[in-house]
Each structure stands twice: as C-alpha cells, then as structure tokens.
Amino acid sequence: MTLTLLARERETGKIGGAVVSRALFAGGWCLRGGADCGLSASQGAIPSTLCGEALLQRMREGETATSALGAVSAADDGRDHRQLAALDQRGRTAAFTGALTPGACGHRQGADALVVGCDLRGEHVMEAVLEVFATAPGALVDRLVASLRVGLAGEAGDLASAALLVLHREAPPLSLRVDGQADPLDGLAGLVAAAHAPAHAGWIRHWPTLVDPFRAPSAAEMAALPRQGADGDSSRGDGGT
C-alpha cells in the first residue's frame, strides 16, 4: 500500500506532498519537487525516480502538469507497472495509473490537490483524503499529515515509511522522512512539530531561498540564534550545527 497527496496552498503559493507506505524509503523513491517547477510522485509495482525527475524538468521548462505527464508516460515502456502524478506551480494536477498497478488503486483530483493510491483496501480511501484536505484548518504541512491520517484509518497492514516535502520560492525546503518506525505517520507528525519549534524555525528563516539566494544572518543575529544540536539542545550559542 502506498498513498500520496500532492497539494498547493492557494493563499501562499506553497506546494507540498506527503506519502505513507508499507514499503521502506517511500520519501526517496516517491516524492520529487522543486520550488521553481512543482511536485511529482512515482509509485506502483515498479516506481521510477527517473520518470519523477522527467516530470519536474518538463514543468520547469514551462509545461503544465497534464502536458508533462502525458509526454513522460507515453515514452515509458514500463508504464503499466507505474503510477505517476504531477502538480505544477499553479496547482494544476495530472495522474496516470498503469494497468498492472496492484490492488484497489487509482487517483482522485480536487481543488489544488491530487491523491494517488495503490494496493488500498478500497478506493474510498482516496476520496476521504481529499475531503479532509479541503476542510482541514491550519498550515499546508499540518493539513497534509491530517489528511493522510484520516484516510488511513482502518487501513490493513503495517506501515514502514512516511515522508513530507513542502516548497516555496521564498522559504527553504522542508523535507522530512521516517523509515522503520512502528508508526511512521506519528513520527512524521513529531518531526513537523519539531520544525515548527523556535529552535528550528528561528534558524531556518536565515537560509538562502530562490528569491534571496545569498541570504545570511548578521553576526549579531547569528549569535542570538538557538543552538542546533543532535540532542535537541536549544540553548543560546553560536548557532552552529
């Protein structure tokens, strides 16, 4: 089972994707994205990271999600084994589900959102994810996690991985992955909370972005940053990692 949600926050222009799977390392082989082009997802019986990258490149060159996905799928001789999905910077979406994709599978499109699933207990899982996303409060990152959690309620089988990717031209990327935990979706929610905490959020606001590629803190700002450490220490210090 693999379930992926790609979405755009219309108010801010942020784009984000989240995936949960019974297979390990879903964040590595499923989600791809660029703040300058959009998001892609590749899953199914035999996912292709190459197809995911090709989707991004075509959207980076100005193609819509629909045009990019049509071209990439048409050129892929192994497409019957794959699901591909794309979301461009304007929130337009497109998806393809190959004929040999296992179990209950398919994709559902909503306003600025797309959900793709395979080997599910039923196609209604995808509909539930879209319904929650459309009405869930909060920031995009929180809505992504909440939508997958509700959609997966009662889903049979142990989960092995979860991942999230949120992008914006004026912010550094948020890329989170959880593998091999007893409840990877809970682990992902914990990482989201840590990303919101002052020790991290105050630090990353000085990171370079596409619109400000040379951004850096002043010496005074650097000295005032919470210290980033493996033990979670947030004492004031030199801001080093």
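## Worked exercises on a predicted fold

Among contacts in the chain (heavy atoms within 4.5 Å) between residues at least 6 apart in sequence, 50% join residues at least 24 apart. The structure is a predicted model, in which local features need pLDDT of at least 70 and side-chain atom pairs count only at pLDDT 80 or more, while totals for chains, interfaces and linings use all residues. Residues are numbered from 1 along each chain as its sequence is written, and side-chain values use heavy atoms, with hydrogens and water left out.

### Exercise 1: The chain as a whole

Describe the make-up of the chain, then explain why it counts as being as compact as a globular protein of its length.

Solution.
- Step 1: Take the secondary structure. The chain holds eight helices and ten strands; these are DSSP runs numbered from the N terminus, with helices being H or I of at least four residues and strands being E of at least two.
- Step 2: Compare the radius of gyration with the rule. The radius is 18 Å, close to the 18 Å from the globule rule for 241 residues, so the chain is as compact as a globular protein of that length. The radius is taken over C-alpha atoms, and the rule is 2.2 Å times the number of residues to the power 0.38.
- Step 3: Add the dimensions. The C-alpha trace spans about 60 × 40 × 30 Å along its principal axes.
- Step 4: Look at burial and surface. Of the 241 residues, 48% count as buried, meaning under 20% relative accessible area, with exposed being over 50% and partly exposed in between (1.4 Å probe, protein chains only). The chain exposes about 10,900 Å², and carbon and sulfur atoms supply 54% of that area. These areas come from the Shrake-Rupley method with a 1.4 Å probe; for residues, only the protein chains shown count as cover.
- Step 5: Turn to charge. The 21 positive and 27 negative charges have mean positions 4 Å apart. Lys and Arg count as positive, Asp and Glu as negative, and His and the chain ends are not counted; each charge is placed at NZ of Lys, CZ of Arg, CG of Asp or CD of Glu.

### Exercise 2: Two residues in strands

Find the polar partner of Thr2 and that of Ser40, and set each residue in its surroundings.

Solution.
- Step 1: Place Thr2. This residue is in strand 1 (residues 2–8) and is buried, at 6% relative accessible area.
- Step 2: Find its partner. The side chains of Thr2 and Ser21 make a polar contact at 2.8 Å. Such a contact is a pair of N or O atoms within 3.5 Å; within protein, one must be able to donate a hydrogen and the other to accept it, and residues adjacent in sequence count only if both atoms are side-chain atoms.
- Step 3: List neighbours. Beyond four places in sequence, Thr2 is in contact with residues including Trp29, Gln43 and Cys118.
- Step 4: Repeat for Ser40. It lies in strand 4 (residues 38–44) and is buried, with a relative accessible area of 0%. A polar atom of the Ser40 side chain lies 2.9 Å from the backbone oxygen of Gly52. Outside four places in sequence, the contacts of Ser40 include Leu6, Arg32, Leu55 and Ala85.

### Exercise 3: Positive phi

Which phi value does Phe25 have, and which does Asp112 have?

Solution.
- Step 1: Recall the background. Most residues other than glycine have a negative phi.
- Step 2: Take Phe25. Its phi is positive, about 65 degrees, although it is not a glycine. Phe25 sits in the loop between strand 2 (15–21) and helix 1 (26–29), and it touches Ser161 and Asp179, not counting residues up to four places away in sequence.
- Step 3: Take Asp112. Its phi is also positive, near 60 degrees. Asp112 lies in the loop between strand 7 (104–110) and strand 8 (113–120) and is buried, at 11% relative accessible area.

### Exercise 4: Three loop positions

Is Gly62 buried or exposed, and how do Asp80 and Ala45 score?

Solution.
- Step 1: Gly62 lies in the loop between helix 2 (49–60) and helix 3 (65–74). At 62% relative accessible area, Gly62 is exposed.
- Step 2: Asp80 lies in the loop between helix 3 and strand 5 (82–88) and is partly exposed at 36%. Beyond four places in sequence, Asp80 is in contact with Gly98, Ala99, Leu100 and Thr101.
- Step 3: Ala45 lies in the loop between strand 4 and helix 2 and counts as partly exposed at 38%. Ala45 touches His81, Leu100 and Pro102, leaving out residues up to four places away in sequence.
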